[in-house]
Amino acid sequence: MDHFTPRPADKFTFGLWTVGNPGRDPFGGPVRPTTDPVDLVAGLAEVGAWGVNLHDNDLIPFGSSATERDRIVGRFKDALARHGLVVPMTTCNLFSHPVFKDGAFTANDADVRAFAVRKCMDALDLAHELGSSTFVFWGGREGAETDACRDPMEAVRRNRRALDCLCEYVMERGYKLRFALEAKPNEPRGDIYLATTGHMLHFISTLAHSELVGVNPEVAHETMAGLSMVHGVAQAMEAGKLFHIDLNAQKIGRYDQDLRFGSEDLRGAFLLVRLLEGTAGNAPYTGPRHFDAHAYRTEDMQGVWDFARGCMRTYLILKARAQAFDADAEVRDIIAAAHRGDSDELWVGRDVAGAARALRARVIDPDALATRGLRYERLDQIMIEYLLGARG
Ligand code: GCO
Ligand code: MN
Ligand code: MN
């Protein structure tokens, strides 16, 4: 036990599909055996995770009978109780079966769309039964290689109709579930609709029950789009819409790598943890810290557990580093000095005529302001030294 040993209060979760990932890639088959979900629960408890998340078909094979489903779910719930794990998030696999080759909610065939919505209803029943509070929608197949096949505006409307209907299903059943939409710019489709967290945030504002719907940003996906994960997450937090988060790592310009958290772009990971934990003074994120990542294809099961421990340990180390950074007197001084006269009281909360008068009357010397150095080089170097363990 040290400072960086995970505790339940850290709310670390992994998907069955993450630690259970057999290491398949587009050029090669599995390198690890398929592990029984019950054994994955035991393994996750041993490494100190708080919860386990799943797609319907990670647990219940596609096409199982109702009796078989109940038997599988019962056995899984026994394992959860035995090992003290919770299932904070459940999701629906709308991408593996070939029926979804043209999408699910946005497919051109109405039977496919109906099948997708019905499959989600069953997965929502499962989510409720497992006590989940969040249901993620990742529309990985909702996209196109050729945009000649459908009006992309119709795709947005089909997505909306499906989500409105599923919100109503949850409300009608009285389930305590909220939806979190996960964006990804491409892969497996050439282009996926609603490609980034920013697209999702606007789309949510057009839904009939938008209060039930938030986002699930993923480090890898925002990075694939060349965007700042920190800015996307901050916008979601500011809007009260960060319902869930997928933590992993990614090199820019690559396929979706889903690497161990913090293993690429360490400063991005540091700034993300700093934001989530609120060490700079913002209200922290209180939901699960979910790792949507998997071990290198070189690993056996021992390597998988090394990977899982690594995700959590890096998160906790970064949290401690962020706390130390934000408590550093020199850091605080630089930030305070940069935020000179920060209250905007000249125009905030005033009638616009009064604000205009006050703004015009104020003596402001732009040339003098332009010459002021802000010391961000020094600030960033201090951050790097915290990251490298040379300070604090
Ligand atoms: C991916 C996605 C998925 C989703 C998962 C849960 O790129 O494969 O990130 O892992 O997060 O399907 O909805
Ligand atoms: Mn991913
Ligand atoms: Mn994800």
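Student: At the start of H2, what makes the approach of a side-chain oxygen of Asp36 to the backbone nitrogen of Val38 a polar contact?

Tutor: The oxygen reaches to within 2.9 Å of that nitrogen. A polar contact is a pair of N or O atoms within 3.5 Å; within protein, one must be able to donate a hydrogen and the other to accept it, and residues adjacent in sequence count only if both atoms are side-chain atoms. The 2.9 Å for Asp36 and Val38 is within the 3.5 Å cut-off, so the label fits. Before we go on, this is a predicted model, where local features need pLDDT of at least 70, side-chain atom pairs count only at pLDDT 80 or more, and totals for chains, interfaces and linings use all residues; side-chain values use heavy atoms, leaving out hydrogens and water. Residues are numbered from 1 along each chain as its sequence is written, while chains are lettered from A and ligands numbered from 1 in the order in which they are written.

Student: Why does H2 get called a helix?

Tutor: Helices are DSSP runs of H or I with at least four residues, strands are runs of E with at least two, and both are numbered from the N terminus. H2 covers residues 37–47, so it passes. Gly48 follows H2, and its phi is positive, near 100°.

Student: How do you know what covers the buried part of H2?

Tutor: By contact, meaning heavy atoms within 4.5 Å. The cover for the buried residues of H2 includes strands S1 (12–15) and S2 (51–55) along with helices H1 (16–19), H3 (56–59), H4 (66–83) and H11 (301–327).

Student: Fine, H11. How do you know that its span agrees with what is expected?

Tutor: The expected span is 1.5 Å times one less than the number of residues. For the 27 residues of H11 that gives 39 Å, and the end C-alpha atoms are 39 Å apart, so the two agree. H11 is also capped at its N-terminal end by Asp300, with a side-chain oxygen 3.1 Å from the backbone nitrogen of Gln302.

Student: And how does H6 compare with the expected span?

Tutor: H6 (residues 152–173) has 22 residues and reaches 32 Å from first to last C-alpha, close to the expected 32 Å. At its start, a side-chain oxygen of Asp151 comes to within 2.8 Å of the backbone nitrogen of Met153. Just past H6, Gly174 has a positive phi of about 75°.

Student: On to the metals: what makes Glu182 a donor for the manganese ion (ligand 3)?

Tutor: Donors are N, O and S atoms within 2.8 Å of the metal (3.2 Å for Na, K and Ca), and since water is not among the atoms, sites may look incomplete. Glu182, Glu218, Asp246 and Asp292 coordinate ligand 3 at 2.0 to 2.2 Å, so they meet the 2.8 Å limit. Glu182 sits in strand S6 (residues 178–182) and Asp246 in strand S9 (residues 246–247), and 64 residues separate them.

Student: Why is the arrangement around ligand 3 called octahedral?

Tutor: Six donors count as octahedral if opposite donors are over 155 degrees apart and all others between 65 and 115; four count as square planar on those angles, or as tetrahedral if all angles lie between 85 and 135, and anything else is irregular. The 6 donor atoms here subtend angles of 83 to 174°, which makes the arrangement octahedral.

Student: What coordinates the manganese ion (ligand 2)?

Tutor: Glu218, His221, Asp256 and Asp258, at 2.0 to 2.7 Å. Glu218 bridges ligand 2 and ligand 3, which lie 4.3 Å apart.

Student: Why is Glu218 called buried?

Tutor: Buried means under 20% relative accessible area, exposed over 50%, and partly exposed in between (1.4 Å probe, protein chains only). Glu218 has 0%, so it is buried. Asp258, at 10%, is buried too.

Student: Where is His244, and why does it count as buried?

Tutor: His244 is in the loop between helix H9 (229–238) and S9. At 0% relative accessibility, it counts as buried. The His244 side chain makes a polar contact of 2.9 Å with the side chain of Asn216.

Student: And why do Asp344 and Arg375 count as partly exposed?

Tutor: Asp344 has 36% relative accessibility, so it falls in the partly exposed range. Arg375, with 48%, is partly exposed as well. Asp344 has a positive phi of about 55° although it isn't a glycine, and Arg375, also not a glycine, has one of about 65°.
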